[in-house]
Amino acid sequence: MNTRIIAAIVRKDLRVVRRSRALMTPLIVLPVLLMIVFPTVFTFLPRILGGASAAFSEMFRNLPDPVKQQFGEFTEATWIRIVHTQMLAPLMLLVPFMVANVIAADGFAGERERKTLEPLLYTPATDAELFSAKLLAAWIPAVMIAFGGAFIYAVIVNVTAWPVMHRVFFPDLTWTVMVLWMAPAFAALGLAGMLLVSLRVRGMQEATQLGGLFVLPVIALVVGEVRGAILLGPMMAVAIGLLVWVIAGALLLFGVKRFKRTSLVGKL
Amino acid sequence: MPAILLDHVLHRYGDTMALRDLSLTVEEGEVFSLLGHNGAGKTTTVRIVNGLLAPASGTVLVFGRSPLTDGAVVRRRTAVLTESPTLDDRLTAVETLRAFAEMYDVPRADVGPRIDALLAEFGIADRANARVGGFSRGMKQRLSLARALVHDPDLLFLDEPTAGLDPVATQQLHDTVRQMARTRGRTVVLCTHNLVEAQALSDRVAVLGGGALLALGTPAELARRITPRLEVTIEIDPARHADAVALIAGLDGLTVAADRTGILRVGSIPRERVPDIAARLVASGIPLYRLEPHEPSLTDAYFALQQVGKGSA
């Protein structure tokens, strides 16, 4: 593997993404919404809504017993802990997934649509180098944004919740596992899904529509968490992360076998 | 060792035969043209030679290496200028050249000077840091050519290289091609519909039709093979015009027409009879000022070959 060739393709792809308003808008809006706006709003929600606290109490009563036992008596501090460590936590996984998904769509289908893939195929880059470069160009920024966003999220939560919590309570172990273990896995899933789709379609629009379907496992996790059907603890986070890594790995393995110049050129 | 060797190469797209038993060699330092209509197999040949397509059968060697098994090694020595400029509009000219210099593993110390030299050579130095999206078609084509040359390839494929170029840029490209081949010993393969360009630049041409090789040779050889008879313009003393017409008309199988007094146009002369006509005019005491044979052009040969190819397909 020639790392210089791989680095050149990664740099080129990222530069191209950075200069596309159409790509950068979702890449900025989604993390800002999920990592800054949501934690701020949800921390203050009981205080903003005031009289609606009865509704929150009702919501707490409907949570499964193990969750209630974990958090004890319902107070504003309980609300803050539930919201950030349970309800909103899986939403954070959307960020690496979507970032990887969008960049991979541009790197595979977008490049083909712009007819800039052909000169890449004529370079000395081997199929493996091309494949690795395209993966890294999507995966690295996705993970970096996830890590950076998680850090900002933690700071915001601790600062906004300080009047109630009076201590640094976040992140907990589950959330740390989610960020360090699950987020990279979901980034890999996002790009693996897009890779498979891109190998079959010609256009960027088609790719993003079909590739977006791979977000369903994340949505299922979020809904499960909010409804209390899934109690995400550290072990569960490790297990789900492992499962996602295995699925993403299998999809990538399937993809790498099909990522051949001789196949790609047929779709130019 | 030839730069390119194709031996009985066959390729299909589904049921469509793209290349039919194609065999040819391109020698190092040669300017070689692949001529043919759309769908003749030119682009398929370029892709096979660069390892982007695997032929169904036959042997392909580039500088003695197989593009399928040694693709990276082969492509390090080749470059392809595609028909339409395939540049990323969001990159600047410098970023484009730098990215490809790195992908071709150009030594780090050479990257900057080489980019500067190419930008200057192709007249884009003043737009070096402008995004390609704002370039005209001609500028994009020039940048594409600069990109193709950034690693100083031994074998350069140019697919319709002058499409969209103005006459000055076209002349510059022709000079580049000649310089690459004549001065630096590089091999250039032109894929073109432009027969005048092919005739002017090529050492040899291959005419493809329906994926098959219809003819191979120098432009002059092909022209002669297809049109072995010449047309000759003869300028004689106007006072002896009638004598000259009578003399030539009396020769077996020749037709003569007069453009004006003293200028005769003799059609369809077998090449070997030209000296005989000159000798007879001189022997008759007719002052001969000029005898100019008109060689059939590659264009004549090309269309004749395509008709033959159509007939045999």
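The lining of the largest pocket comprises 10 nonpolar, 12 polar and 11 charged residues (Ala, Val, Leu, Ile, Met, Phe, Trp, Tyr, Cys and Pro count as nonpolar, Asp, Glu, Lys and Arg as charged, and the others, Gly among them, as polar). The model is predicted: local features need pLDDT of at least 70 and side-chain atom pairs pLDDT 80 or more, whereas totals for chains, interfaces and linings use all residues. Residues are numbered from 1 along each chain as its sequence is written, chains are lettered from A in the order in which they are written, and side-chain values use heavy atoms, without hydrogens and water.

The volume of the largest pocket is about 660 Å³. Among its 33 lining residues, E118(A), L268(A), T43(B), T44(B) and R47(B) are the closest to the centre. A pocket is an open set of points on a 1 Å grid where a 1.4 Å probe fits, with protein on both sides within 12 Å along at least five of seven lines; lining residues have an atom within 4 Å of a point. The largest share of the lining, 5 residues, is supplied by α1(B).

Chain B and chain A each place 31 residues in the contact (heavy atoms within 4.5 Å). Between the two chains there are 7 salt bridges (a side-chain nitrogen of Lys or Arg within 4 Å of a carboxyl oxygen of Asp or Glu). R114(A) and D88(B) form a salt bridge through their side chains, at 3.6 Å from N to O. On the side of chain B that touches chain A, the largest share, 5 residues, comes from α3(B) (helices are DSSP runs of H or I, at least four residues, numbered from the N terminus). That side divides into 15 nonpolar, 5 polar and 11 charged residues.

Definitions and conventions
Points joined across faces, edges and corners; volume = space filled by probe spheres on them. Helix = DSSP H or I, 4+ residues; strand = E, 2+ residues; numbered from the N terminus.
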